[in-house]
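Here are my notes on the structure you sent over. Have the 3D view open while you read, and click along as we go.

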Amino acid sequence: MTISIWRYSHLTLAILSSVFILLATLTGLILAFEPISNQLKPYAIKDADGLSLFTTIENLKSEYDEIISIEIDENDFIAASVLTKAGKNETFYIDPFTAKKIGDIIEKTPLFKFTTNLHRSLFLKSIGRVIIGIVSFLLFLIALTGTILISKRQGGYKRFFSKIVKEGFNQYYHVALGRYALIPIIIVTLTGVYLSLEKFSLLPSNKVSHTIKEASSIENPKQLRADFTLFKSLTLKEISRVDFPFSDDAEDYFFIKLKDSEIFVNQYSGEIVSEQGYGITAQASSWSLLLHTGQGNTFWAIMLLLTCIAILFFMYSGFTMALNRKNKSVTIQNKYTKDNAEFVILVGSETGSTFNFANTLYQALIALGKYPFISELNSYSTYKKAKHLIVLTATYGDGEAPTNAKNFENLIGEIRQQNTLQYSVVGFGSLAYKGFCKYAIIVDAMLQLHKQFVPNLSLHKINNQSFDAFKDWAKSWGVSKGLALNIEEPQKKLTHKKLKQFKVVNRSVINTDDTFLLELAPEQKLKFTSGDLLSIYPNNDSVERLYSIGKINGNILLGVKKHEFGLCSTYFSQLKKNDSILADIKQNKGFQFPASAKEVIMIANGTGIGPFLGMLNDKNFEKAKKYLFWGARTQASFQMYSSLVDEAFYNNKLSGLYLSFSKEKNQKKYVQNAITERYDLVCRVLKNDGVIMICGSIAMQKDVLKTLDRITLGKLKSPLNDFEKRGQLKMDCY
Ligand SMILES: Cc1cc2nc3c(=O)[nH]c(=O)nc-3n(C[C@H](O)[C@H](O)[C@H](O)COP(=O)(O)O)c2cc1C
């Protein structure tokens, strides 16, 4: 079944029961403190477990006039109900070795009483109990659908605990925590359901009924009282409760509740006159209570407390993700019908972002007076006047189609078009997944095989929703159709966060290849490291731009490429020393220098060198040997960075520098060529648990990954993916 059906069930169940789950969780969280606080009280007596019932009774007899009952609770506190020498009927905790009172019986505090009522029945008596029972079951279903969702996302049950691809804080921890919290949640919910069913007598009765057999005749009754072999052999560990006979009458018995059965014992002969074991329902009932409340087990009570906190986090992160998804979703409003359209744009999308890209293309075509039509892949149909088909599709699961594209494969086989259509496929995916844009590859292949479709441009893959990469594709596609498309980046909603002030320390002159270095000093104390991202909204617009940064002498260093119409790069290029800018720093945990690695290879092209310049000169990373591969068009591009790289070399902070220039006559070389030449270094670093870091353009990243994969497969007999899984490959490309 598709990932979405599970996601919708998961979300719908959560929405339906959210208020009650919130109430039950908050009250559960408070109640988890009750067993913990009880356990902290000093009434459990060391080694009392091994004491015999006989000795305990003897000790009590010497201290009190009469014993009515002894009870040992789940905390191992021993309560005795006695008639004191002063003639008072009292119940208190005792030390069984001395039979002396050690404390009063713990009364439930008003807070716990109130919370228990709210937790059990919402103060609505039977109706409340029914609601809570149902909510418990719904939470169980949520946990179940969550388990299925996680295994779908991870690519199967076997990969349940494999590395999670991080797409955001909420998504990552929802899955990561979910994998561990699922078991306690399932236990708590099932036991909750059980206790509710029991309350409404919907389970087989667990009442024990006794038939007392006649005791053998006793010669000298009074002499034998309680001095039985049985009482000498029974230890307190095995007992839950002992009720003493009311009178000296031989028909009044000792009633003893053991852990798994209860017995009646003749008070003179010590003979067991009736013994009944607890049935499965009684045992299940007692286990459900213990597991649901954590009574008598501090470890489990703490687990329950953590589970409640985890549920609260799941509610927060789950609803935040659902809201984000909703904000991203686009409603399709077509100006023309499918049969009037010349350009058909079909979208495969799970969470909506691909629709945003499709919409920009749609708007650009409308602006040119063309007739586009936009729809989902699942709505593939006949298009009477269409000449061009553009498919934009994401990939999900383990290279599967998004939900709204699942039927496309069937439809394309069944539906016949009137015209032959030229097609182009754009894949949206993430390099973090094994099957990068795999579904787009499949769609491209389906169209290639289909007689009514002729390829226009070859398949274009886009990593991490890069708008620049999409723009590049749209430009080429427009050119192939003779259209001057103006693709506008969709405006993201501004999140109201506090930006910080940074002072311009230096801006280098603009190099021959339109790049320059910018050094900024934060005007307030800020924690950041090389590899983090500078987030900026140039000219106060609403679209966030991110730049990888290096940290040098506490300042931020970033390389910038000036684009002719680039709002941000133009803004940066006009900055002067001492100007102030508003920006923020975003932590980029996935691209931090691996502090424990002995050797690190850094691969960059163009301004991607920025974070590496910081890492090279960072005192904290001096121990690791560093090798830098850097590529650009010409040698002149390197001048801007040479002083910092030379300094690192001079101070033994850089062990190898491999430069490649793609437009230099006689020494034309790409970064991947330099890597192939130093394959021995790559193999050694990977074999010795070293790390490879890549920063720069997506195009360079693709070529470099291919080269590295070839090297590892050929020389180390493992695909690059294996090393990536072990955290030996870190990338920040754009
Ligand atoms: C659970 C999950 C699985 C994914 N699996 C893949 C995959 O196998 N291959 C891939 O290239 N991208 C994969 N992606 C990345 C998405 O395809 C990518 O983020 C895409 O831009 C999302 O587009 P949408 O918002 O329109 O659904 C996956 C993303 C998620 C959340």
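The points below go from the whole chain to the sheets, then a helix or two, and finally the cores.

1. Start with the overall picture. What you're looking at is a predicted model. The protein has 21 helices and 26 strands, and of its 734 residues, 50% count as buried. Take the contacts between residues at least 6 apart in sequence: 69% of them join residues at least 24 apart.

2. Now find the eight-stranded sheet. This sheet is open, its pairing is antiparallel, and the strands come in the order β4-β3-β2-β1-β5-β6-β7-β8. Why do β4 and β8 each have one side without a neighbour in the sheet? They stand at the edges, β4 at 100-104 and β8 at 272-277, and each has a single partner strand, so the other side is left free of neighbours in the sheet. On average, neighbouring strands here are turned by 25 degrees against each other, direction ignored.

3. Zoom in on one pair from that sheet. Strand β1 (residues 66-72) and strand β5 (residues 239-243) run antiparallel and are joined by three bridges. If you want a spot to click on, S69 stands opposite D243 in β5.

4. Next, see what sits on this sheet. Helix α3 (residues 53-63) packs on it and touches β1, β2, β3, β4, β5 and β6. The direction of α3 makes about 135 degrees with that of β1. Which residues of α3 are buried? They are L53, F54, T56, I57, N59 and L60. Several of these can be matched up with a bit of helix geometry: an α-helix has 3.6 residues a turn, so residues three or four places apart point the same way. The cover over the buried residues of α3 includes β1, β2, β3, α8 (229-233), β5 and β6.

5. There's a second open sheet worth your time. It has five strands in the order β24-β23-β22-β25-β26, and the pairing is parallel. Its edge strands are β24 (656-661) and β26 (729-733), each pairing on one side only. The twist from one strand to the next averages 10 degrees. Within this sheet, β23 (residues 625-632) pairs with β24 in the parallel sense over six bridges, and Y627 stands opposite G656 in β24. Helix α19 (residues 679-687) packs on the sheet, where it touches β22, β23, β24 and β25; its direction makes about 130 degrees with that of β22.

6. Strand β15 (residues 500-507) is a nice one for practising bridge-hunting. Four bridges join β15 to strand β21 (residues 580-586), and the two run antiparallel; K503 stands opposite S580 in β21. Five bridges join β15 to strand β16 (residues 515-522), again running antiparallel, and R507 has L518 in β16 as its bridge partner.

7. Have a look at helix α5 (residues 125-154) too. It has 30 residues and reaches 43 Å from its first C-alpha to its last, close to the 44 Å expected at 1.5 Å a residue. Just after α5 comes G155, with a positive phi of about 90 degrees.

8. On to the cores. The largest nonpolar core has 54 residues, and those with the most contacts inside it are F408, L447, I603, I694 and L708. Helix α20 (residues 698-716) gives the largest share, seven residues. Where does this core lie? Domain 3 (331-480) and domain 5 (599-733) both give residues to it, so it lies between them. A second, separate core of 30 residues includes I552, L557, F593 and I609.

9. Last, try a residue-level tour. Leaving aside neighbours within four places in sequence, L447 is in contact with L389, V391, F408, I412, Y423, V425 and F453. V391 lies in strand β11 (residues 388-394). Is V391 buried or exposed? Its relative accessibility is 0%, so V391 counts as buried. Beyond residues up to four places away in sequence, V391 touches L346, L377, S424, V425, V426, V443 and L447. The C-alpha atoms of V391 and D444 are separated by 8.7 Å, although the two residues are 53 residues apart along the chain.

Definitions and conventions:
Residues numbered from 1 in each chain as written. Predicted model: local features only at pLDDT ≥ 70, side-chain atom pairs only at ≥ 80, totals over all residues. Heavy atoms only, no water. Pairing = 2+ DSSP bridges. Axes fitted to C-alpha atoms, helices over the stretch in contact; angles between N-to-C directions. Contact = heavy atoms within 4.5 Å. Expected span 1.5 Å × (residues − 1). Core = buried A, V, L, I, M, F, W, Y, C linked by side-chain atoms within 4.5 Å. Buried < 20%, exposed > 50% of the residue type's maximum accessible area, 1.4 Å probe, protein only. Domains from an automatic or database assignment.
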